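Biologist: Please show me the model, and let us go through the terms that describe it.

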Amino acid sequence: MSQGPPKAVEAVVALLIPPARREEVLGDLQERYRGAAGYVVDAVRTVPHVVASQMRRKMTPTMVIAEAFALYLAFAIASPGSMTSFFHKETAVPCAILSAIALVALVFMDAYVQPGCRTEKRLGLQSLAAVAIACAAGTVIGVVSPARALPHRSLLVGGVIAALLVWRAAAGEGLIYRRKPDGGTRRSHMA
Amino acid sequence: MGKNTNIGQFEHLLLTAILALRDDAYGVTIHAKAEELAEPKAISLGAVYVTLDRLEDKGLVSSRLSDPTPERGGRAKRCYTLEALGERALREAAITARRMWESSVEAWGAEWEKRWRRQWGKETA
């Protein structure tokens with residue numbers, strides 16, 4: 001009987017690996033299996049690299065710029081005195097922090113999209129989740145450092161606008177840019 | 001202008017490993033071969049995946065999923081093949097490495113070269 005990693009450990013590792021790379025990475029880790037502890041160490045050393053690589057592959061400069069712009073615009077519009085202080089430090093810093101957090105969340109979630117499963121509903125949920133993470137972080141920042149945070153109302157309004165803008169942009173409706181299907185990876189499956 | 005075939009040392013190492021492994025080049029074997037070539041340096045499997053992805057994006061290698069095997073828990077391997085551009089990059093890197101070697105020999109002298117050749121002889125024996 002061939003020995004393999006404990007099912008529970010393997011299931012957790014499988015969950016952490018982006019679906020596009022899951023098959024081969026899990027197989028490689030199993031082939032290198034020498035014991036449960038070794039398997040965990042191997043996975044801890046390998047999975048972050050795989051996730052980072054997948055994030056890089058799915059990310060295009062156009063996509064990042066468009067999403068960053070959409071996020072900043074949404075939060076800036078919703079911030080107090082937006083029209084007069086669009087690029088003022090009091091507005092710019094909190095908006096930039098929120099946009100950066102949402103952007104990282106978006107790119108991270110994008111790495112976990114199953115090839116061929118980029119539906120509009122999923123993109124909507126992804127945008128909503130990324131903005132929700134940014135708003136939650138914004139609330140925490142508000143408690144720790146009020147000077148670097150937006151008021152709750154601005155967070156909420158900005159969050160809704162940001163989610164909608166990013167969703168429409170990501171869905172490739174031509175509002176800002178058109179996204180490559182499945183992030184444009186060049187992999188093939190042997191029949 | 002032609003395609004960019006500039007590669008770094010680690011990319012050079014992995015391309016050489018893929019070339020040596022021929023039809024059996026996938027994550028685990030490429031990692032093992034690269035470790036053998038880079039000895040005594042240790043190489044992480046994660047770094048191998050990242051670099052293979054980059055090489056594939058550059059068009060130097062291509063990949064395909066093989067049939068699942070039981071020793072891998074019924075999972076497929078991602079097999080890598082050197083593309084024409086990759087072979088060209090490898091050739092150019094080898095020529096550069098040779099020039100660097102010759103330049104080092106010129107600077108450090110024939111005695112140093114003899115000592116290294118003896119050392120290599122021991123390693124390959």
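**Burial, cores and contacts**

Modeller: In α6(A), the residues A:Leu123, A:Gln126, A:Ser127, A:Ala130, A:Val131, A:Ala134, A:Cys135 and A:Gly138 are buried. This is a predicted model, in which local features need pLDDT of at least 70 and side-chain atom pairs count only at pLDDT 80 or more, while totals for chains, interfaces and linings use all residues. Residues are numbered from 1 along each chain as its sequence is written, and chains are lettered from A and ligands numbered from 1 in the order in which they are written.

Biologist: What makes A:Leu123 in α6(A) buried?

Modeller: A residue is buried if 20 or more other C-beta atoms lie within 10 Å of its own, exposed if 12 or fewer, and partly exposed in between, with C-beta atoms placed from the backbone. A:Leu123 is listed as buried, so A:Leu123 meets the cut-off of 20 or more.

Biologist: Why is α6 of chain A called a helix?

Modeller: Helices are DSSP runs of H or I with at least four residues, strands are runs of E with at least two, and both are numbered from the N terminus. Helix α6 (residues 120–144) of chain A has 25 residues, so the minimum of four is met.

Biologist: What span is expected of α6 of chain A?

Modeller: The expected span is 1.5 Å times one less than the number of residues. For α6 of chain A this gives 36 Å, and the helix reaches 36 Å from its first C-alpha to its last.

Biologist: Which residues touch the most other members of the largest nonpolar core?

Modeller: A nonpolar core is a set of buried Ala, Val, Leu, Ile, Met, Phe, Trp, Tyr and Cys residues joined through C-beta atoms within 7 Å. The largest has 33 residues, and B:Leu14, B:Leu15, B:Ile18, B:Ile30, B:Val48 and B:Tyr80 touch the most other members. α3(B) gives the most to this core, with six residues.

Biologist: What does B:Ile30 touch, not counting residues up to four places away in sequence?

Modeller: Its partners include B:Leu14, B:Ala17, B:Val48 and B:Tyr80. Two residues are in contact if their C-beta atoms, placed from the backbone, lie within 7 Å. A second, separate core of 30 residues includes A:Ala74, A:Cys135, A:Ala149 and A:Leu150.

Biologist: How many residues does each chain give to the contact between chains A and B?

Modeller: Chain A gives 24 residues and chain B gives 23. On the side of chain A, α3(A) gives the most, with nine residues.
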